[in-house]
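Here are some exercises to work through with the model open beside you. Try each task on your own before reading its solution.

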Amino acid sequence: MSSEITSPAIIYSGAGSFSKTVSEAARLGTSAAVVLGQHLQDTEVIAGLLDNLHTHDMKAVICDPITTEPTVEMVDSLAGTIKRMGVDVVIAVGGGSVMDTAKAAAVMAVNDGLTEDYQLKRREIVNPPQAQVFVPTTAGTGSEATRVSVLTNERAGVKRSISHPLMTPNAVILDPQLTVSLSKYLTTLTAMDAFAHAIESAVSRNATSYTRHIALAGIEQLSAGLPACQSSPDDLNARLMCLEGSCFAGLAMQSGLGASHSLAPAVCIVTGIRHSEAVAALLPHAIRLNESHSHGTYDLVSRAMDCSDVASRLEELCRLGGFNVNLAQFGLCASDWKKVCEVMNRYGSHRKTNPVEVTDAYAEEIFLAAVS
Ligand SMILES: [Fe+2]
């Protein structure tokens, strides 16, 4: 099987690497839109970034902070700002929502029509996006490494991506100093999303030797990094391991994911919970069911995690991070399956790349285990 992987042209990794953000932006253009999460608004980090941009003679505009998971309307609005300001570089500093919004807006700013046209009607992206410099402040979605932006369309009731190889960010900065303030709960949940990307791509039916090796490297980094972050939140090496693990996972997941990601978007639409919460609650159950159908599927994963039972180890890490691994805590019960299934069938990705095809009945089994 052949594979096609895109990746950022340059990745800086290490404590203090945030300082590279401006030189990379200056290499790529002359004016920048800075897209960030609310927690970074009015902080010294951003004030320093702006000063540095001005020192490099770059014009800069700070956009309204991203406060929710991205929608097509948010992307249209941000793309309008980028177009109006005549910006040629988009700097995103934040978590997955910030990066996905910025990535989609960078391409929509130079392509006609609405984001929804590209999301639902599969209109073709013809113009390459504005240059992008991405600085993740969570170790979770891996969006900094991918060509994909996952967007909610509330009117249509779906969560669906837009993607293009040229949407892959040009430069990525992995600076662990930007993740130390993340709570133990969010550190754990975001790492669970990254774990899911790495584990599901390691066993994906479309995995190649190339993507599997990247995925296993991600699993090793996350397995070592997450427990160390949980016990010592200021440990920069542990934080960096999680950031690198998440970035590896982002690269590897281009080979397709599995059942937890088939179901999670539907659970999120029905309940409004975070993507990472849904994934963390579904992943161990998906692993157990896959393993029961196809014994040995997770042998390489368990070796990379240095544990004998992958699902139980993930549950233990969740508990250590204060997350209870079930969906019942979010008000879901067995009778909600019909609603979740209906939404899943409108979105339904990664169903054929799971080790066992995710039929409705297969997904129901995972859902019922997760709400019990
Ligand atoms: Fe995910």
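**Exercise 1. Begin with the chain as a whole: what share of its residues counts as buried, and how does its radius of gyration fit the globule rule?**

Solution. Keep in mind that this is a predicted model.
- Step 1: of the 372 residues in the chain, 55% count as buried.
- Step 2: the secondary structure amounts to 14 helices and eight strands.
- Step 3: the radius of gyration is 20 Å, close to the 21 Å given by the globule rule for 372 residues, so the chain is as compact as a globular protein of that length.
- Step 4: the C-alpha trace spans about 60 × 45 × 40 Å along its principal axes.
- Step 5: take the contacts between residues at least 6 apart in sequence; 81% of them join residues at least 24 apart.

**Exercise 2. Work out the strand order of the six-stranded open sheet, and find which strands stand at its edges.**

Solution.
- Step 1: trace the sheet from one side to the other, and the order reads β1-β8-β5-β4-β2-β3, with parallel pairing.
- Step 2: look for strands with a single partner; these are β1 (10-13) and β3 (59-62), so each has one side without a neighbour in the sheet.
- Step 3: compare the directions of neighbouring strands, which are turned by 15° against each other on average, direction ignored.
- Step 4: add the helix α1 (residues 20-28), which packs on the sheet and touches β1, β2, β4, β5 and β8 (171-174). The direction of α1 makes about 170° with that of β5.
- Step 5: add helix α3 (residues 72-85), lying across β2, β3 and β4 and running at about 160° to β2.

**Exercise 3. Now zoom in on β4: are its residues mostly buried or exposed, and which residues stand opposite them in the partner strands?**

Solution.
- Step 1: strand β4 covers residues 89-94, and six of its six residues are buried.
- Step 2: sort the side chains by direction. Val 89, Ile 91 and Val 93 point one way, while Val 90, Ala 92 and Gly 94 point the other way, and all are buried.
- Step 3: on the β2 side, five bridges join β4 to β2 (residues 31-36) in parallel. Here Leu 36 stands opposite Val 93.
- Step 4: on the β5 side, six bridges link β4 with β5 (residues 131-136), again in the parallel sense. Ala 92 stands opposite Phe 134, and Gly 94 has Pro 136 as its bridge partner.

**Exercise 4. Finish with the domains: how many residues does each domain give to the contact, and which elements of domain 1 take part?**

Solution.
- Step 1: the domain assignment gives domain 1 (10-178) and domain 2 (184-371).
- Step 2: taken over C-alpha atoms, the centres of the two domains are separated by 25 Å.
- Step 3: the contact takes 23 residues from domain 1 and 28 residues from domain 2.
- Step 4: on the side of domain 1 that touches domain 2, the elements giving two or more residues are β1, β7 (158-163) and β8. The largest share, three residues, comes from β7.
- Step 5: classify the residues on that side of domain 1, and they divide into nine nonpolar, ten polar and four charged.

Definitions and conventions: Residues are numbered from 1 along each chain as its sequence is written. This is a predicted model: local features need pLDDT of at least 70, side-chain atom pairs count only at pLDDT 80 or more; totals for chains, interfaces and linings use all residues. A residue is buried if 20 or more other C-beta atoms lie within 10 Å of its own, exposed if 12 or fewer, and partly exposed in between; C-beta atoms are placed from the backbone. Helices (H or I, at least four residues) and strands (E, at least two) are DSSP runs, numbered from the N terminus. Two strands pair if DSSP finds at least two bridges between them. The radius of gyration is taken over C-alpha atoms; the globule rule is 2.2 Å times the number of residues to the power 0.38. Two residues are in contact if their C-beta atoms, placed from the backbone, lie within 7 Å. Axes are lines fitted to C-alpha atoms, for helices over the stretch in contact, and angles run from 0 to 180 degrees between N-to-C directions. Domain bounds come from an automatic or database domain assignment. Ala, Val, Leu, Ile, Met, Phe, Trp, Tyr, Cys and Pro count as nonpolar, Asp, Glu, Lys and Arg as charged, and the others, Gly among them, as polar.
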